[in-house]
Amino acid sequence: MKNRFKIVCLIGQLFFLVSCGQEELDVIDDVKEQVNSTTVTFVDEFVLPDGQEFENTLVGGLSGIDYKDDTWVAISDDSKKPRFYTLDIAYDLNGFQTLKVIAVATLKDKSGQNFEAETVDSESIRIDDNNVVWSSEGNINARIDPFVRVASIKGDFIAEMNLSRKYGASDDEKTGPVQNGVFEGLSLSADNKGYWVNTELPLKEDGTAPSVNQGALVRMAYIDKATGEFGKEFAYLLDPIVRPAINGFSFELNGLVELLEYEDNKFLALERSFSAGYGDGGNTVKLYDIDATNATDVSDVESLNAVNIVMVKKKLLLNFDTIRPQLTNGIVDNIEGITFGPKFSNGRRSVLVVSDNNFSRLYKQLNQFILLELQE
């Protein structure tokens, strides 16, 4: 999901925010552990020029990024032409040496044709063997299901995971996913035997979207790669929206935008809070270390509000607000993608995040890449 939500808001179509009031969450008290940490440090920023084109495509909407075996890919969420780019990226502890687009592949439907406009909303991508796995939020308002699919490096359809019923587009006002709130995040499992996906916003049966006063529960779900079947699920408690919308705007949200499993049941996770009306872009992005080791499997729980559950534990690694002075115009843009890159010369892991610039539809946004060092 993206700041496109703000665009939707401005034209008066806040579909997913119209819902019944959320009951008080009945959960274990100590599952949310926010601890300021110095284990992640800023290294450098790189911004691709606005309006850059490559092979008759506009480079933008970069909602997911991944790295494996010296190959970098980033997916674009252009609903008219979903695609992914191959990038040439080089950096060290002193910062970026190179970052440029070197190839593009258009993602195809099951019949090998281009997708019809507004039928797919490509959000995340991972390199899996010699292929890519990618997620779409679908178009819930048009009753088009989200999905997780495998494609060749040329973009051709290979396989699709079997969608769990609860995530399918629904006419029911009380159950199912909300528009632009489904499979925003995607990760390979640490053992490479499966995938993880997450909803960005709660399912209708799990409660309403977060507010400035209250968080909300979303789901993380495991998919078995061999069978394509959904399995265990965990509940993740989103923070409240960081700040209210201002200057005559009313749109604001917070969502879980990406997962990256680095060890069994342990992940890096990105939360992105957005509020309209701010000159700094309105985004507050937080990087969490999360642990699902003792979390309740909620795959058979119909409503997360109806039972006592143990959610994943959260530890705050980095609030991107703390590095604003080192970024272009003090802007933390619409960060949605995260991956590990090659290790630095000191043996520590590099982490690269990327922002979705929404193709600068309403105002100038950045194709922003931020390089971090993870001290393990």
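# Exercises on a predicted, strand-rich chain

The place of Ser136 is in strand 9, which covers residues 131–136. The model is predicted. The exercises below start from this residue and move outward.

## Exercise 1. Ser136 and its surroundings

Task: decide whether Ser136 is buried or exposed, and find which backbone atom its side chain reaches.

Solution.
- Step 1. Take the relative accessibility of Ser136: 0%.
- Step 2. Apply the cut-off: buried means under 20% relative accessible area. Ser136 therefore counts as buried.
- Step 3. Look at the side chain. It reaches the backbone nitrogen of Gly138 at 2.9 Å.
- Step 4. List the contacts, leaving out residues up to four places away in sequence. Ser136 touches Val120, Asp121, Ser122, Pro146, Phe147 and Phe183.

## Exercise 2. The sheet that holds strand 9

Task: give the order of the strands in this sheet and name its edge strands.

Solution.
- Step 1. Read the order: 8-9-10-11, an open sheet of four strands with antiparallel pairing.
- Step 2. Find the strands that pair on one side only. These edge strands are strand 8 (122–128) and strand 11 (157–160).
- Step 3. Check the angle. Neighbouring strands of this sheet are turned by 25 degrees against each other on average, direction ignored.
- Step 4. Count the bridges between strand 8 and strand 9. Six join them, and the two strands run antiparallel.
- Step 5. Pick out one pair. Ile127 has Val132 in strand 9 as its bridge partner.

As background, strands of a sheet pair through backbone hydrogen bonds, either parallel or antiparallel.

## Exercise 3. A buried glutamate

Task: place Glu233 in its strand, and find which side chains make polar contacts with the Glu233 side chain.

Solution.
- Step 1. Locate the residue. Glu233 lies in strand 15, residues 230–238.
- Step 2. Judge its exposure. The relative accessible area of Glu233 is 1%, so the residue is buried.
- Step 3. Find the polar contacts of the side chain. One joins Glu233 to the side chain of Lys166 at 3.1 Å. Another joins Glu233 to the side chain of Arg219 at 2.9 Å.
- Step 4. Widen the view, not counting residues up to four places away in sequence. Glu233 also touches other residues, including Tyr167, Ala221, Asp297 and Ser299.
- Step 5. Compare chain and space for Met220. Glu233 and Met220 are 13 residues apart along the chain, and their C-alpha atoms are separated by 5.4 Å. Met220 is among the residues that Glu233 touches.

## Exercise 4. Leu268 and strands 17 to 19

Task: follow the pairing from strand 17 to strand 18, then from strand 18 to strand 19.

Solution.
- Step 1. Start at Leu268, in strand 17 (residues 266–275). Leu268 has a relative accessible area of 3%, so this residue is buried.
- Step 2. Note some contacts beyond four places in sequence. Among them are Tyr262, Leu287, Leu317, Ile338 and Phe340.
- Step 3. Cross to strand 18. Nine bridges join strand 17 to strand 18, and the two run antiparallel. Phe274 has Asn283 in strand 18 as its bridge partner.
- Step 4. Check the cover of strand 18 (residues 283–291). Eight of its nine residues are buried.
- Step 5. Cross to strand 19 (residues 313–319). The pairing with strand 18 is antiparallel, over six bridges. Leu287 is bridged to Leu318 in strand 19.

## Exercise 5. A second open sheet

Task: explain why strand 1 and strand 20 stand at the edges of the sheet 1-22-21-20.

Solution.
- Step 1. Set out the sheet. Its four strands have the order 1-22-21-20, with antiparallel pairing, and the sheet is open.
- Step 2. Count partners at the ends. Strand 1 (40–48) and strand 20 (335–340) each have a single partner strand, so one side of each is left without a neighbour in the sheet.
- Step 3. Add the angle. Neighbouring strands here are turned by 20 degrees against each other on average, direction ignored.
- Step 4. Inspect one pairing. Five bridges join strand 20 to strand 21 (residues 349–355), in antiparallel fashion. Gly337 pairs with Val354 in strand 21.

## Exercise 6. The whole chain and its confidence

Task: state how many helices and strands the chain has, and where the pLDDT is below 50.

Solution.
- Step 1. Count the elements: one helix and 22 strands.
- Step 2. Take the burial. Of the 376 residues, 59% are buried.
- Step 3. Check the confidence. The mean pLDDT is 91, and 90% of the residues reach 70 or more.
- Step 4. Mark the weak stretch. Over residues 1–38 the pLDDT is below 50, yet this stretch has 104 contacts in the model beyond near neighbours in sequence.
- Step 5. Draw the limit. Where pLDDT is low, the predicted coordinates should not be read in detail.

Notes:
Residues are numbered from 1 along each chain as its sequence is written. This is a predicted model: local features need pLDDT of at least 70, side-chain atom pairs count only at pLDDT 80 or more; totals for chains, interfaces and linings use all residues. Side-chain values use heavy atoms; hydrogens and water are left out. Buried means under 20% relative accessible area, exposed over 50%, partly exposed in between (1.4 Å probe, protein chains only). Contact means heavy atoms within 4.5 Å. A polar contact is a pair of N or O atoms within 3.5 Å; within protein, one must be able to donate a hydrogen and the other to accept it, and residues adjacent in sequence count only if both atoms are side-chain atoms. Two strands pair if DSSP finds at least two bridges between them. Axes are lines fitted to C-alpha atoms, for helices over the stretch in contact, and angles run from 0 to 180 degrees between N-to-C directions. pLDDT is the predictor's confidence in each residue, from 0 to 100.
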